[in-house]
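Visitor: Could you take me on a close look at a single part of this structure, the spot around the ligand? I'm a first-year student, so please explain the terms as you go.

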Amino acid sequence: MTLDLAAAADLTRDDIDVNAVLDHLIHTADAAAATSIGYPGAVDLDHTPVITRLAARLWNNIGDPATTGGVAHTRVLEQAVITWVADLLGMPVDDRWGYVTTGGTEGNLSALHAAYRRWPTARIYYSTAAHYSIPKIVNMLGASTVVVRAHPDGDMDYDDLAAQIRKRRRWPAIVVATAGTTMTEAVDDTTRVHAILTDYSMTGHLHVDAALSGIPLALDGQLRLDDASGISSIAISGHKFFGVPTPCGVVLIRDSARTPARQQIAYTASVDTTITGSRCGLAAALLWHAIAAHGREGHRWRASHARSIAAYAVEQIRATGWTARRWPHAFTVVLPTPPEPVRAKWLLATDGPLSHLICMPGITRGQIDALAADLAAAIQAPIPHPRTPHPTFTTAP
Ligand SMILES: Cc1ncc(COP(=O)(O)O)c(C=O)c1O
């Protein structure tokens, strides 16, 4: 049988060979893996002990993570994950709440929903480099937005933030900072944001969208949610740094920064505090396993090794005559969009004149060498159209 995976109707034909379909999916993904370096999923951890042992049943952490009832659930592992991440971030033990989400987007939604419930007249500030989920969520909440300029390398323009806040001092401010912007992995300086909010005596909420960089920065002590930080919530993706093979994440909100839901749901015997009702217990188990099997030291090593591969990538790309840059903390290497033959082979993320690769844990020097060789060959090949000028950075990542 010839399989056409694009023909969805074919895939439910009575004579379908389900094993052939699965083999085809696996083969296609395996074939693409070596050149897929544009998106931030770590590929170095082995999650199979959890998948093979737990995949045979439904693990549903429905309702609040503190609920103890239900048939098969992994809430004790979920609580272990939340405690580990909150401790790593230095969150006060008596002022924290969180759960395992479907990803960074749900974490942002949960945190901003909590913030807006508490401050319903607030203006929500985010920068032009914020992830696309932020304007979408603000729109869902029906809140008023203020879009703040970002510098060309992705970090927030703090003078613009201050100017925008100054004009709207009579309304509370919910500010979304990003720790690891999608294109350049820039990290907004939350100390400066907090100082601006304090200078203007603003009430409100400071949220950090740390989908990519939350864990690696916290491991280095570069991101804290202690009392001095002024940060009320954080969203982190679980399939990025931990490379969990199903989309998931963690949201943490200071207990004092939310208006807890009081609605007890009789049918689930739980309080309705989470965005989704049924929640993936397998994801919580996978996150717990990734954390417990490697510990803080293991994950520190992973982050530092991945950064050294990113530094190597910058060197190798520059050695071809092309330009490349990265922030010192970053796995992401930003480069002018390479010629078409390179883009056709390598799955980079491209946004007009700029592209990036992300040296997540598991990306090897061999992959970087192969990319650099292809780039060198493409640059030397005759170029059919005039080459577009390389963009320059105005700040130094
Ligand atoms: C900065 C940032 N925030 C949020 C998200 C969304 O995370 P998820 O894909 O886990 O929903 C991403 C994903 O790339 C991101 O880069």
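Guide: Sure, let's start with who sits around the ligand: there are 13 residues, and Gly104, Thr105, Asp209, Ser237 and Lys240 come nearest. A residue counts as near if one of its heavy atoms lies within 4 Å of the molecule. Keep in mind that this is a predicted model, where local features need pLDDT of at least 70, side-chain atom pairs count only at pLDDT 80 or more, and totals for chains, interfaces and linings use all residues. Residues are numbered from 1 along each chain as its sequence is written, and side-chain values use heavy atoms, with hydrogens and water left out.

Now zoom in on the polar contacts, meaning pairs of N or O atoms within 3.5 Å. A polar backbone atom of Gly104 is 2.7 Å from an oxygen atom of the ligand. Thr105 brings a polar side-chain atom 2.7 Å from a ligand oxygen, and for Ser237 an N or O atom in the side chain is 2.8 Å from an oxygen atom of the ligand. On its own, the ligand has 390 Å² of accessible area, and the protein covers 83% of that (areas come from the Shrake-Rupley method with a 1.4 Å probe).

What is the shell made of? It divides into 10 polar residues, 2 charged and 1 nonpolar. In this sorting, Asp, Glu, Lys and Arg are charged, Ala, Val, Leu, Ile, Met, Phe, Trp, Tyr, Cys and Pro are nonpolar, and the others, Gly among them, are polar. Helix H4 (residues 104-118) gives the largest share of the shell, 3 residues. Helices here are DSSP runs of H or I with at least four residues, numbered from the N terminus.

Note on methods
A polar contact is a pair of N or O atoms within 3.5 Å; within protein, one must be able to donate a hydrogen and the other to accept it, and residues adjacent in sequence count only if both atoms are side-chain atoms. Helices (H or I, at least four residues) and strands (E, at least two) are DSSP runs, numbered from the N terminus.
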